[in-house]
Structure formats: C-alpha cells, structure tokens
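Work through the exercises below with the sequence and the model open side by side. Try each task before reading its solution.

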Amino acid sequence: MYPVNEVSSIPVAVINPLKIYGNTRKSRPTADFEAIKKDIADKGILQNLVVRVVDDNVELISGYGRLDAAKELKIENVLCLNKGAISDKEALEIQLSENINRSSLTIGDKINLSIQYLSLTDGDYGTAASKLGFSENLFREYLQMSKGSPELLDALDKPESPIKKGHVLILSKFDKAIQNKTLENIVANPTQYTVAHLKTQAEKFQLPLSNAKFDKDECTYCPHNTCQQFTAFGDNEDEKCAKSSCYFDKSQQWLQSRLPVLQEKFPLVLTTEQKAIADTRKIDIQVLGEEQVNSGCVSCEHNAALVSTNFDTFGMVQPSLCTNLECYNQCVARLADPEGNDQVENNLDPNVGLDLDSDNQTSNDEDEVATTAAPLTKKVSCTYSKKLTEQFAQEIQSIVTPTILEQTSFNMAIVIKALSDQLATKHKTNKTIAELSQLDAKELNGMMGAMLSAFVKQEPNSNTSGFDANYQIRSAALNHSNANSAIFEKAIREWKPSTKNLTLHTIDQLVQLATDSGLAEHYNQHNDQTFAVAAGKLNKKDLVDFIMKVDFDWSHFAPDHFKKMLTQPSVK
C-alpha cells in the first residue's frame, strides 16, 4: 500500500488516531496551534508526519498538530513516513519521544507523559524518569499530581489561573470532592489560599476513619480523632482523622504490608500509579479461550494485579489483567478471527475491584480463570518470569552436567569458546560449544593452537569481554621473573620510540623523555644548536618527527612508565 520506511503522500481523510492512545499530549496552547497553521499555510508541511500501516489501516503516530492544521486548511494529502506494522510499544515510544522535545509542553502534558512512560516501562521509575530527562524527584511529583481531579489539572494549565504546582501536589492526596471544593476557595480568594496557607490547612483536613484500611486501634484515643472532641452537648460526630499526614503514612504502611501477599498470587503486582488500568485488558476465558488462559495467561509474567493508590479507591485490587496489549490482541485474534484483525477495547471500571484484605483476589468471576490445564491442542502465548527461567536453567544444568563432563570434546569446546571470547573479532569462532563439541580431537587441538597464538599477540584492550589479555601476560611474566631478569632486560632493549607512542606524549613529556634517555645530551654534543633551543621552536608533531630523525641508540633505555607496567602488572 505505502512503502515501509519511506515517505509517501497519504490522503488526510484516511489517517486515523493511534488506536492504543491517540495523541498523548493533554493540550496544545491556542497560540501555538495558530502559529503552526500560519507556518503551514505559508511554507507547507516541512516535517513529515509519522504513521504505521496495519492491515491497510493508517494510524498516526506523531504529527497530530500538523494533521489538525492540514484539516482546517483543507489540505487533501500530507507527506508521511510509514513505519510499517510496528508494535504498539514501538509506536508509543516514537510518539512520546517527539512530544518530549516540544518546547510548548504544559505541566499537564508533562504529567501525562510521566504516566504514559511509567506504564510503558511497567513501573520502572528510574528508566521512565531518565527517558523523559526528569530527575526522579520531579518525575514522582508529576505522578502525584496526576491524581488531581480533571478540574484541578485543567486549572493548573490555564495561564490566568491562581492554581500553582504546589496546590496540586497537596490536594492530589485527597478525594476529588475535597480537591474541587478547595479549588473553588482558591479561585475565589487567591491571596489567602497561597501554597503555604493550603499546606497548613490541608494538615487539618478531616478524613473519615471509616474509609481507612489500616488498623484503627491506635486511633481510638488519639487527640486528632474528632470523637475525642466533644460538643457542648456531649455528643460526638463520626470518627474522622484531623491529621492528614498521619492518615496517609499509615495508609502507605498498610499497603506495603499487604503487597507481598498479593505477589504470591500473581506473577506481576503493580499499583495504578505504575500501570494505568486503561493500559491493561481483563484475562477472560470468553475472550481468550480456555486453553490460552489456563496454559498461557495463568503463568505469564504479564498477568498482573493492579492495586489502586488513588484516595477514592485506595487498596482496591483489579486482578488477572494482561499488561501486554499486543500479545493480548494476538490471542484474541487467534480465537475469534483466524485472520487476526480483532482488538478488544478496555472496558474495566477503575472504581470497581476487590478489597486487598479479601480472601479471594484471583477473579471477579468464580469460573473465569480455571485452575487446571487441559492438554494443548493449539498455540498459546506465555512469557515466563526471568527468575523462573533462570531457576529451570540451573536445574537442567545440575542434571546434565555429570554426563556432559565425561565427554572430552565438550571440555575442549568450553576452553576454546572461553579463549575465543577474549580475542579480537577476526580471531573468534562463531561456532557454539555444542557445535564445537561435535568436532574431532585433531580439529579441536588445531583451533586451540591458533587461538593461543592470536591471544598472546593481540594488543591491550582489543578484546570485547572485559578480560585484559595483555595484563594476564604481564602477570605471568612477572611470576617467572624479577626486575633484573632476562625478560626485563630484553623488554628494555627492544623498546623503541615510534610516531605512535611519541604522539601520545605532551611536548613537556617529550622533552623530559629526551633528557632522561640521553638523547638531548647526545644531540648537544653533535650539533651547534642545543636540543632545548631546537625543540623550543617546534609544535608537537614536528617535535616527534625531530626526535625520530635523531640518530640515537635507544637500546639502554625505556620510559619509566613502561618499566613500571612491566614490573607491576596492576598498573594500567
């Protein structure tokens, strides 16, 4: 349809938003958009849009502003770079990468990018922050602000709004009702509701203890429990905590104490901060089929439980969710459509889930995930955890090692392969240990001899494994000699200056080398002009050439650093 990795003219009418997320930017300032339109009207679209084409469906990866401008300007075709049928993750990475570099990003855009990147990395805070170019502290602030109500975040992005970043950081810890009520107060009286004032007031916000997940025994006689604050008539109101920082601390402690239990049931446990529910799909036998669920999804490392960290649904669990949407859609297609065209939209309600203290966090439907697997009759998809894979590998190794070590050819193959890894590319063997072990002893001995010869001749740091053959040889030489030995004397005699090694010196070092070696004195004895005068007029390149041309016997001399490396192999 359109050549992959080439630019083609594509009708605007056939270009659709990226199915997984659309445009990840939250907003675009009107002034910026008008500037884009004017620029396109005057000069045309100078930067290609980027699309992917899957089953003749053209999805826009990046260039949403340019496409919108083209539509308003009645432009019928635009130039697009077709990335082909790339994965959802690859498409999103391209889109996010372009958005990062936009100078007009609002705080809301950065919040949205933070959410998307963290979800893309399955909760890896460090990697996500690094890709965005944020410090981890700033990254976590954006994540915290993402819990703000839509009204609060919209106000944050309005230039004329009194809402500041600090307001959102404080209010995002509370429920939406408190956020929006306080928003009204800030807008009505911005001079009073500074960030500092709000911080003081927020500490006193009363939070219903009936909603708290943590053990409330300690709260019974706490002075911050409103039940300890009697009215004039001796009545008390419903229990509330009047010290929000303590409430939040206890909630987090409770959450951390419960997660290990959930981690015993699911291959992957993430919070809704680490993975948005919208970026997952429910593992459902009706959609995926019994074989795929029982023999694939149950053991797959992408089978996750999401735990809510939002105030309104704190501690609620969404179990049995697939975090690999590309694999999920492939599994759906295999069951429902052999041609593989179906995709299932997310229909999960983030406000519905199981309580983390519930005895059953496996499924909302009793029969949804079966506990026994029938014999496989078709392909199923499953990505096992890295730890499990490593454990199985160790067990297999333990079982087969006694038998395999009885084979002489295998032992020689290991030595050859280990030696090969220390050599420059041209001397390596591409054969695997298994392939080498099939060769006869004569051929293996020949290979080993050739590699040993290459090993002892290669230059320092020419290997790619971190193993320094040069250091090993110097160490071995030292073990069989000392500073007065024949090896040491031979090395001194055979050292010679070269354009290559002299060029690595500074001018002052070259002068010092000439002095230490006796070359300067030798030159002075045979020339009317002194070495110092001659050298003082030269740049480094010319000085190197000058030294190389002096007729001088170097056999008695080697630089101090050379000798030190010979007698102390640890020097590098």
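Six exercises follow, each with a worked solution.

This is a predicted model: local features need pLDDT of at least 70, side-chain atom pairs count only at pLDDT 80 or more, and totals for chains, interfaces and linings use all residues. Residues are numbered from 1 along each chain as its sequence is written, and side-chain values use heavy atoms, with hydrogens and water left out.

**Exercise 1. Overall make-up**

State how many helices and strands the protein has, and what share of its residues is buried.

Solution.
- Take helices (H or I, at least four residues) and strands (E, at least two) as DSSP runs, numbered from the N terminus.
- The protein has 26 helices and twelve strands.
- Buried means under 20% relative accessible area, exposed over 50%, and partly exposed in between (1.4 Å probe, protein chains only).
- Of the 572 residues, 40% are buried.
- Contact means heavy atoms within 4.5 Å. Among contacts between residues at least 6 apart in sequence, 72% join residues at least 24 apart.

**Exercise 2. Three helix pairs**

Find the angle and axis distance for α22 with α25, α16 with α18, and α5 with α6, and classify each pair.

Solution.
- Axes are lines fitted to C-alpha atoms, for helices over the stretch in contact, and angles run from 0 to 180 degrees between N-to-C directions.
- Angles under 35 degrees count as roughly parallel, over 145 as roughly antiparallel, 65 to 115 as roughly perpendicular, and the rest as oblique.
- Helix α22 (residues 507–517) packs on helix α25 (residues 540–549) at about 20°, with axes 10 Å apart. α22 and α25 are therefore roughly parallel.
- Helix α16 (residues 408–420) and helix α18 (residues 441–457) pack at about 20°, with axes 10 Å apart. So α16 is roughly parallel to α18.
- Helix α5 (residues 125–132) and helix α6 (residues 136–145) have axes that come within 9 Å and cross at roughly 100°. So α5 is roughly perpendicular to α6.
- For handedness, a crossing is left-handed if the near helix is turned anticlockwise from the far one by less than a right angle, and right-handed if clockwise. α22 passes α25 in a left-handed crossing. α16 passes α18 in a left-handed crossing.

**Exercise 3. What lines the helix contacts**

List the residues that meet in each pair, then sort them by class.

Solution.
- Ala, Val, Leu, Ile, Met, Phe, Trp, Tyr, Cys and Pro count as nonpolar, Asp, Glu, Lys and Arg as charged, and the others, Gly among them, as polar.
- In α22, I507, L510 and V511 meet K540, L543, V544 and I547 of α25. The split is six nonpolar, no polar and one charged.
- In α16, S409, M412, V415, I416, L419 and S420 meet A441, L444, N445, M447, M448, M451, L452 and F455 of α18. That contact has eleven nonpolar, three polar and no charged residues.
- In α5, Y125, G126, A128, A129 and L132 meet E136, F139, R140 and L143 of α6. These divide into six nonpolar, one polar and two charged.

**Exercise 4. Cysteines**

Count the disulfides, then check C327 and C331.

Solution.
- A disulfide is a covalent bond between the sulfur atoms of two cysteines. The test is a pair of cysteine sulfur atoms within 2.5 Å.
- The count comes to zero disulfides.
- C327 is in no disulfide; its nearest cysteine sulfur, that of C331, is 4.1 Å away.
- C331 is buried at 4% relative accessibility.

**Exercise 5. Two buried helix residues**

Place I170 and T182, and name their contacts beyond four places in sequence.

Solution.
- I170 sits in helix α8 (residues 165–171). Its relative accessible area is 14%, so I170 is buried.
- I170 touches V195, L198, K199 and A202. The C-alpha atoms of I170 and E203 are 9.6 Å apart, with the two positions 33 residues apart along the chain.
- T182 lies in helix α9 (residues 176–188). At 5% relative accessibility, T182 is buried.
- T182 is in contact with L171, L198 and F205.

**Exercise 6. Positive phi**

Compare N5 and S320: where is each, and is each buried or exposed?

Solution.
- Most residues other than glycine have a negative phi.
- N5 has a positive phi near 60°. N5 is in the segment before β1 (7–11), and is exposed at 52% relative accessible area.
- S320 has a positive phi of about 55°. S320 is in strand β11 (residues 316–322), and is buried at 3%.
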